[in-house]
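Hello,

Here is the structure I promised to pass on. My notes on it follow below, and I hope they help you find your way around.

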Amino acid sequence: MRNLREKFARFMVGRYGSDELNRFLAMLTLVLIVINLFLRTNVLFVLELICLILFYLRMFSRNINGRFQENQRYLHYQFLVTETFRKWKFRFQEGRKYKIFKCPNCGQKLRIPRGKGKISIRCRKCGHEFLGKS
Ligand SMILES: [Zn+2]
């Protein structure tokens, strides 16, 4: 067992190994396998294979710089996706706490806390007052 581990360690010398993109590929493969347990389609099966092959090709690759660049690109997109979700979540939470009114005089958007009933709203831009239900 120890011998096998040593052989593998020697095999991996100078090879890329694992990174965030590979962890994502492994997760994706797993998710696809589970989904395909129910759907049993060839398309998903081919996708599973592609993900798995990419996973091993990247792990055993000797082009470390190339794989590093791929991972950097992946991290960039991952950041964009998580940021977008974070913004959506924020807007959703804000939307439950506040109501947005538009001043009928100047068009300024005003954020008013919800649940205060019918109130008089004073525009902070032009000073116009109007009634609104929060
Ligand atoms: Zn106004």
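**Aromatic rings and a long helix**

At 15% relative accessibility, F55 counts as buried (under 20%; exposed is over 50%, partly exposed in between, with a 1.4 Å probe and protein chains only). Before going on: this is a predicted model, in which local features need pLDDT of at least 70 and side-chain atom pairs count only at pLDDT 80 or more, while totals for chains, interfaces and linings use all residues. Residues are numbered from 1 along each chain as its sequence is written, and side-chain values use heavy atoms, with hydrogens and water left out.

The whole structure has seven aromatic pairs (Phe, Tyr or Trp rings, the six-membered one for Trp, with centres within 6.5 Å; stacked under 30 degrees between planes, edge-to-face over 60, the rest tilted). One of them joins F55 and Y56 edge-to-face, at 5.1 Å between centres and 80 degrees between planes. Y56 also stacks with F60, at 5.9 Å and 25 degrees. Unlike F55, which is buried, Y56 is partly exposed at 40%, and F60 is partly exposed at 25%. Ring pairs link these three with F8 and F11 into a cluster.

Now to helix α4, residues 64-97 (helices are DSSP runs of H or I, at least four residues; strands are runs of E, at least two; both numbered from the N terminus). Its 34 residues reach 49 Å from first C-alpha to last, close to the 50 Å expected (1.5 Å times one less than the number of residues). Buried in α4 are G66, R67, N71, Y74 and E94.

Best wishes
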